[in-house]
Amino acid sequence: MLLLASKSPRRRELLGRLGVPFAALDIDVAEVRRPDESPEAYVRRVAGEKAEAGWCAAADRAAAVLASDTEVVLGDRVYGKPADGADAARMLRSLSGRAHRVLSAVALRTAAGLEQTLVETEVVFDRIDEADLAAYVATGEPLGKAGGYAIQGGAERFVSRLSGSYSGVMGLPLHATAKLLRAAGLL
């Protein structure tokens, strides 16, 4: 049995595209970057902690638990989820006209242990004018999204170039996830 340790409807939708049956677990793990922790180490740690928490919560020790963490990174700065619309607007202004990275770590916890992978995608935003920015923030879509945007939603119009995994920017890189599941005999 595959369990997805995630509250995210996007991750549930994405995992469903792989055609593997799964059930979702509602897991809470603190997402706080440690001092001197690299962005890569941070997303890997959080994904691993989510998978471990899900595995500990699972009633069936034969279950496999999949988890992911996705963060937007500009330089060494990790953009989490905005606190409110003003915070989302601040994030988007700083990403406007620039390239940034989206890191998606995927972790699979089974009785055999923890396997992980990390996918990096470069996203380049065109310049976002203030009217477009205000209109986008007013939709409420940026709230609850790393970096204050949903690439599969209204923010897609800001993207001038993407190099990497589109589904990874959404929250679950499907190619890397499929490889992990296949290696574990789950796909």
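Student: What makes the contact between the side chains of K50 and E31 a salt bridge?

Tutor: The term requires a side-chain nitrogen of Lys or Arg within 4 Å of a carboxyl oxygen of Asp or Glu. For K50 and E31 the N to O distance is 3.3 Å, which is within 4 Å, so the pair qualifies. The model is predicted, so local features need pLDDT of at least 70 and side-chain atom pairs count only at pLDDT 80 or more, while totals for chains, interfaces and linings use all residues. Residues are numbered from 1 along each chain as its sequence is written, and side-chain values use heavy atoms, with hydrogens and water left out.

Student: Which parts of the chain does the pair of K50 and E31 tie together?

Tutor: K50 lies in helix α2 (residues 39-57), whereas E31 lies in the loop between β2 (22-25) and α2, so the pair ties together parts 19 residues apart in sequence. Helices (H or I, at least four residues) and strands (E, at least two) are DSSP runs, numbered from the N terminus.

Student: Is K50 buried or exposed, and where does E31 fall?

Tutor: Buried means under 20% relative accessible area, exposed over 50%, and partly exposed in between, with a 1.4 Å probe and protein chains only. K50 has 10%, so K50 is buried. E31 has 32%, so E31 is partly exposed.

Student: Which residues share a network of salt bridges with E31 and K50?

Tutor: D69 and K81 are linked with them in that network. The structure holds 16 salt bridges in total.

Student: How do you know that R109 forms a salt bridge with E52?

Tutor: Their closest N and O atoms are 3.0 Å apart, which meets the cut-off, so the term applies. This pair links distant parts of the chain, with R109 in strand β5 (residues 99-110) and E52 in helix α2, 57 residues apart. R109 is called buried because its relative accessible area is 13%, while E52, at 29%, is partly exposed.

Student: What makes E130 and R93 a salt bridge?

Tutor: The closest N and O atoms of E130 and R93 are 2.9 Å apart. E130 is in helix α4 (residues 130-138) and R93 in helix α3 (residues 85-95), and this pair links distant parts of the chain, 37 residues apart. E130 is partly exposed at 43%, and R93 is partly exposed at 41%.

Student: Why is α3 called oblique to α4?

Tutor: The two helices pack at an angle of about 140 degrees, with their axes 10 Å apart. Under 35 degrees counts as roughly parallel, over 145 as roughly antiparallel, 65 to 115 as roughly perpendicular, and the rest as oblique. The angle is in none of the named ranges, so α3 is oblique to α4. Axes here are lines fitted to C-alpha atoms, for helices over the stretch in contact, with angles from 0 to 180 degrees between N-to-C directions.

Student: Which residues of α3 and α4 meet?

Tutor: G85, A88, A89, L92 and R93 in α3 meet E130, L133, Y136 and V137 in α4. Contact means heavy atoms within 4.5 Å.

Student: How do you know that β3 and β5 pair?

Tutor: Two strands pair if DSSP finds at least two bridges between them. Strand β3 (residues 64-74) and β5 have nine, in the antiparallel sense, so the condition is met. One of the matched positions is S68, whose bridge partner in β5 is V106.

Student: What joins β5 to β6, and how many bridges do β5 and β6 share?

Tutor: A hairpin joins β5 to β6 through two residues. β5 and strand β6 (residues 113-125) pair over twelve bridges, again antiparallel, with L108 opposite E115 in β6.

Student: What makes β5 mostly covered?

Tutor: Ten of the twelve residues of β5 are buried.

Student: Which residues of α6 are buried, and what covers them?

Tutor: The buried residues of helix α6 (residues 174-183) are L174, A176, T177, A178, L180 and L181. Their cover includes β1 (2-5), α1 (9-16), β3, β5, β6 and α5 (166-170).

Student: Why is G185 called exposed?

Tutor: G185 has a relative accessible area of 61%, which is over 50%, so G185 counts as exposed. G185 is in the segment after α6, and its phi is positive, near 75 degrees.
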